[in-house]
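Subject: Structure handover

Hello,

I am handing this structure over to you. Please open it and keep it in view while you read my notes.

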Amino acid sequence: MLHGIVETLKGVRRDEQEEKQKMIKGRVVLMKKNVLDFNDFGASLLDRFHELVGKKVALHLISSQYTHSAENELELEGKVGKAAYLENWITTITSLTPGDSAFDVTFDYEEEIGIPGAFIIKNFHHSEFYIKTLTLENVPGHEHAPVHFVCNSWVYPADKYKTDRVFFTNKTYLPNQTPAPLLSYRQQELVNLRGDGSGELQEWDRVYDYAFYNDLADPDKGEDYARPVLGGSSHYPYPRRGRTGRLPTKTDPNTESRIPLLMSLNIYVPRDERFGHLKMSDFLGYGIKSLAQFLLPEFKDLCDSISNEFDSFEDALKIYEGGFKLPDGPLLKSIYDNVPLELLKEILPTDGEGLFKFPTPKVIQEDKSAWRTDEEFTQEMLGGMNPVVISRVKEFPPTSNLDPEVYGDQSSAMAWHHVKDHMDGITIDEAIEANKLFILNHHDSLMPYLRRINSTTTKTYASRTLLFLQNDGRLKPLAIELSVPHPNGDKLGAVSKVYTPAEDGVDGSVWQLAKAYAAVNDSGVHQLISHFLNTHVVIEPFVIATNRQLSVLHPIHKLLHPHFRDTMNINAFARQILINAGGILEATVFPAKYSMELSSAIYKNWNFLDQALPVDLMKRGMAEEDSNAPHGLRLVIPDYPYAVDGLEIWSAIQTWVEDYCNFYYHSDDSVEKDTELQSWWKEIREEGHGDKKNEPWWPKMHTRKELIHSCTIIIWIASALHAAVNFGQYPFAGYMPNRPTVSRQFMPEAGSEEYEELKTNPDKVFLRTITARLQTLLGIALIEILSKHSSDEVYLGQRDTPGWTQDAEPLEAFDKFGKKLNEIEKKIMEMNNDEKWKNRVGPANIPYTLLYPTSEPGMTGKGIPNSVSI
């Protein structure tokens, strides 16, 4: 009898074990809804109440294998399993800071499901959460390894969606390799992300769509706030931005209405494209908003007052050293009334006694006057914040490409007698032949807009700065030409004057002003073209098209996705408060209300293939093809820090992309027959960069070589190019006299009062010419924010999710890429410490580290984030 009882108990235990074996254990990692560093306790309580009444978070596995229906017919769509629910939601307390919570989930094992390839999640709670991963252990038939799903997405309550939210395993499939039961889910997910092109988009909408830049103006506020629509016309071509679907303005049906500044952080971008909690808590978003909201409205009233002038360079240094007090009045009251204390500390740091204080920029940390030297002026063209403009001179005097029928004779007025004393004993022809003559040329890009720009408070020139390469590898300036349109009409050409180097007396002061006008040009072109247009703006269509046309299962989606992080969000912020009519950029950069029009005019000449660093260097005459040289290029100036480091980074990216793409594409035919890839490339050309769709230079995307080159360019723009032109802003331009953004009066003419004042108080004339006090405060407060890395930044060669793919070879190639970048870091530091390289550390003693791949958080002047993320 006892034996029978024992056997019965054994049988019960066996049944229990078999029952347990029929369960699949899973673990979900997610982040509950938080607002900055604080929990939304109201939402949290409602979620718990929903749990109590049975409204939970349900998950359903989807089969990746064919199954048969009850009628024994083949099911073409993956079978959906029974619901399983997140366990212990109520007892899993969310931390007070944004953090991950882990939840168990137990699925019934259903034999017909087999190995799942996807899952559906339904959120029946009150509020959204951010799901990071789902991991399934001991799946029958897949016991050798967990089944892993990388999600990284916000999931809103189920009633916000028209279709179920679906997530796939972290496998990678070309469209024609997708397991057939998952194909319809793959296709439907892309349909969902495209939207239907109608209505105003809400925060839970996951729609990626295109629109013109028609949301910068605010014509309902008056004519001063009207601006042209950029994009969709031959007159104002421009890349597309993400659609928001807001209603048109009352005044102009072609202009989209704007949201109030108070709502700036809520401007629509797909929820997964918005800044994460850490980035928001770093005040990158809030700081910019506060600048625009509370400093800018008072700016115009105070701009012209005498207190808006710096009296001396010592006065200007008080911003960093002794601290400064803003003028009493509406500005100060507005700041204290409206900006929360914590934000105030971040935007306008104080010493506790009401004195605002900015960190000392690197350019004046060691030597307060090194910025004034000709050596620092020229060195920054090779290793400063805008090293992408300098070009080699191939004919002298420099000529113009502007249409003489419209603009008359725009040839340079420079002549041999201007430069002969500084040519180190050689002729112009000899210098050109020896590749010793260079130019920083802003003439043609600015001249067509200069008459209009000078009708504003700006008073400036179109400049050409001629440079000579000395035997020690450093540049020296030969002459600066400043030009304005002829007062009697554009067809009469330019009125130009040439200035040459001088150190003492009035001539020395005039030369310092000539360099300042050239720097004003370069600062504006840097901010509007090198930085905003050529990185932020041109990359957004690629972000949109990738999400609309390439499934998350697609290898190219997995390759590019990290390089699009936060880009749509920072661009949306920019449209709302930086580049809009009356925004911070118009208030602080010399083209003023014509800034974005100028950007559109430059885009007319944009060419995707020219963005490849080797092509760019050759086009500017800074490099020549040489099969014996590193990377197949010989630099005309061997000591050109941006180009030297840039080519190392470019080559590393190219090798990584080549290794990755060749793993998935075994022939050119596989590229041409990839339906998603072809749709993606077609949409980039015809929609995202639609004003350029008929250009002959677009790659056809028929070969592996074209795919590899295109992806290398995209990653280069989003990572290294942006880093090179962004994170040096505060180190170099945080001290405004070094990189003034505005000039407010023309060069003093001999015989004038200003010219006489140059003899007695040249510094005051200089400071009265360039950016005024409040513009300076506004400008450097902005670039301080833009020059910082957030604490959750992900750098080139890194991924935020280690198990981003299951494929071993791509993981090995990515590891090789990371090791190569480590080698580049060491090489950069070695070169910076080698005195042979004169241009890597100029007179201001700022080593060139802008293309050093990694960084700590904060303002470091180094680090290459994966994406255009600030």
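Over the ring of which residue does the charged end of lysine 32 sit? The ring belongs to tryptophan 89. The charged end lies 4.6 Å from the ring's centre. Please bear in mind that this is a predicted model.

There is another such contact to look at. The charged end of arginine 799 sits over the ring of tryptophan 804. Here the distance to the ring centre is 3.8 Å.

Next, the aromatic rings. The structure holds 37 aromatic pairs. One of them joins phenylalanine 663 and tyrosine 664. Their rings meet edge-to-face, with 90° between the planes. The centres are 4.8 Å apart. How exposed are these two residues? Phenylalanine 663 has a relative accessible area of 26%, so it counts as partly exposed; the band for that label runs from 20% to 50%. Tyrosine 664 has 8%, so it counts as buried; the cut-off for buried is under 20%.

Aromatic residues also gather in a cluster. Its members are Tyr213, Tyr238, Phe542, Tyr603, Trp606, Phe608, Trp680, Trp681, Trp697 and Trp698.

Now turn to strand E4, residues 57-63. Seven of its seven residues are buried, so the strand is largely enclosed by the rest of the structure. Both faces are covered. On one side, Val57, Leu59, Leu61 and Ser63 are buried. On the other side, Ala58, His60 and Ile62 are buried.

Which strands pair with E4? One is E9, residues 116-123. Seven bridges join E4 and E9, and the two run antiparallel. Another is E7, residues 84-85. E4 and E7 are also antiparallel, and two bridges link them. Leucine 59 is a good place to see both pairings. Its bridge partner in E9 is isoleucine 121. In E7, the bridge partner of leucine 59 is alanine 84.

Last, helix H23, residues 704-726. What span should its 23 residues have at 1.5 Å a residue? The expected value is 33 Å. The C-alpha atoms at its ends are 32 Å apart, so the two values agree. The helix also has a kink of about 45°. Tryptophan 716 is at the centre of that kink. Of the 23 residues in H23, 19 are buried, so this helix is largely enclosed by the rest of the structure.

Best wishes

Terms used: Residues numbered from 1 in each chain as written. Predicted model: local features only at pLDDT ≥ 70, side-chain atom pairs only at ≥ 80, totals over all residues. Heavy atoms only, no water. Buried < 20%, exposed > 50% of the residue type's maximum accessible area, 1.4 Å probe, protein only. Helix = DSSP H or I, 4+ residues; strand = E, 2+ residues; numbered from the N terminus. Pairing = 2+ DSSP bridges. Expected span 1.5 Å × (residues − 1). Bend = angle between axes of the 7 residues up to and from the residue. Phe/Tyr/Trp six-rings, centres within 6.5 Å; stacked < 30°, edge-to-face > 60°. Lys NZ or Arg CZ within 6 Å of the ring centre and 35° of its normal.
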